[in-house]
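Visitor: I am new to this structure. Please take me through one part of it closely, the salt bridges.

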Amino acid sequence: MRRLRDLLTTRGRAFVAAGITLVLCGIGLGFTDLTRIGVLLVALPLLSGLLMRRHDLRFALERTAVPGRIQVDEQSLVTLAIENAGGGASPLLMAEEQLDYALGDRPRFVVPRLRRGDRQEVHYSVRSHVRGRHRLGPLGVRLRDPFGLSTRVAAISGSSDVLVLPKIVPLGGGQPPGSGVGAEGAIPHMVALHGEDDVSIRSYRDGDDLRRIHWPATAKTGELMVRQEDRPARRRAAIVLDSRARGHHGSGSSGSFEWSVTACASVAAHLLDQGYAVHLISDETAEDSRAASAMEVDPLLDVLAMAETGTDDQFAEVLQSAHPVTASGGLVLAVVTDLDEELARRVASLRQPGGTALAIVLDPDGFTATRRHRPGSSDELTCVPVLRGAGWTVAVVGASDDLPSVWGVLSGSTRRVGAA
């Protein structure tokens with residue numbers, strides 16, 4: 001009875017209630033015709049509900065999102081293929097695709113009658129203002145009788161997802177300052193003087209090209225030696241993301257944490273285009289030791305797409321993971337909020353002598369509704385003098401500052417960041 005009641009619509013329940021009333025009145029007053037009408041009113045929705053259950057709603061779904069990885073505010077076209085996997089023809093159905101709220105309104109469409117094995121494709125687009133992994137599906141279908149007395153709702157299992165990446169802001173042609181030698185620089189002096197093929201010499205192995213034999217080394221050692229074809233050293237850059245929840249203000253796309261993630265993604269893409277080997281050091285990479293490995297743009301953006309705020313202890317682990325990466329020198333970029341003196345000194349120690357260190361310090365008050373970043377506010381942040389005293393180039397920003405201008409200050413192509 002409970003299942004049957006769930007099948008009835010409001011109109012169907014009203015029919016049943018009215019029918020029962022008429023049956024009782026007809027019996028009590030002795031009106032046979034009234035009783036018959038009441039029986040008919042009760043029987044119609046009950047019979048309709050039973051007929052709804054005989055339909056076989058078995059479907060096979062195939063859902064494809066192209067592209068499956070999009071940036072914030074970009075569109076992805078989703079193709080939903082519905083195939084009738086039941087024993088007979090399917091009825092006319094109303095369908096609604098279940099989506100995460102960030103992807104917008106749920107698409108609704110009509111699935112026509114399909115014979116066994118028939119296939120119907122539906123296309124819709126999704127767009128998100130929020131980065132992250134968002135779910136597509138399952139598909140909900142609804143069957144209703146022509147009189148609107150009963151309905152049947154079912155969910156067709158199967159779902160997929162679309163990954164929304166942080167937005168990449170073009171930074172122009174500004175390059176970070178640096179000497180360009182050593183671990184940070186381009187090619188070591190040995191490569192510059194003797195050529196890439198003479199970077200190192202090793203013993204001959206079966207299968208080595210005889211043309212690679214290094215005869216002077218062979219004569220000196222008495223055994224066959226070949227030139228090692230090493231690739232030239234790439235400039236190294238480490239990007240440190242401060243994701244402490246208590247240090248970030250604002251919410252959504254206008255919050256300081258989203259500004260930080262966008263900054264890390266944009267700078268990383270820019271440095272990779274400049275030929276740097278980029279290490280991303282965040283809560284996510286520190287947990288599984290990925291911080292020690294250089295990352296290409298796609299896996300790096302995947303990590304940033306799922307980045308979330310964390311605790312002070314997690315940021316301490318991030319700094320601990322950063323030290324082995326920055327120990328051999330190179331470019332260091334820290335995207336942080338205001339730090340106390342102890343944390344500021346730990347961040348400042350990431351810069352090695354002769355290396356280049358850049359810091360984007362987000363003014364917490366610049367991302368609140370009541371206060372905005374204003375000129376001179378950098379003097380109020382504890383970490384700024386500590387970082388500058390350790391040789392860092394610092395830019396203090398608020399919500400109104402745009403990233404290309406910030407990068408222009410850090411790279412030396414401009415002198416000011418908005419009103420900072």
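Guide: Start with a small network: salt bridges link Glu62, Glu83 and Arg119. The model is a predicted one. Within this network, the side chains of Glu83 and Arg119 meet at 3.7 Å, N to O. Glu83 sits in strand S3 (residues 75–84) and Arg119 in strand S6 (residues 119–127), so the pair links distant parts of the chain, 36 residues apart. Glu83 is partly exposed, at 29% relative accessibility. Arg119 is also partly exposed, with a relative accessible area of 43%.

Now move past S6. Arg131 lies in the loop between S6 and strand S7 (132–144). The side chain of Arg131 forms a salt bridge with Glu258, at 2.9 Å from N to O. Glu258 belongs to helix H6 (residues 256–273), so this pair ties together parts 127 residues apart in sequence. Is Arg131 buried or exposed? Arg131 has a relative accessible area of 10%; buried means under 20%, so Arg131 is buried. Glu258 counts as partly exposed, at 22%.

Another pair is Asp298 and Arg69, whose closest N and O atoms are 3.6 Å apart. Asp298 is in helix H8 (residues 297–305) and Arg69 in strand S2 (residues 69–71), so the salt bridge ties together parts 229 residues apart in sequence. Asp298 is partly exposed, at 42%. Arg69 is partly exposed too, at 32%.

The structure holds 16 salt bridges. Around them, the protein chain has 12 helices and 16 strands. Of its 420 residues, 45% count as buried.

Technical notes:
Residues are numbered from 1 along each chain as its sequence is written. This is a predicted model: local features need pLDDT of at least 70, side-chain atom pairs count only at pLDDT 80 or more; totals for chains, interfaces and linings use all residues. Side-chain values use heavy atoms; hydrogens and water are left out. Helices (H or I, at least four residues) and strands (E, at least two) are DSSP runs, numbered from the N terminus. Buried means under 20% relative accessible area, exposed over 50%, partly exposed in between (1.4 Å probe, protein chains only). A salt bridge is a side-chain nitrogen of Lys or Arg within 4 Å of a carboxyl oxygen of Asp or Glu.
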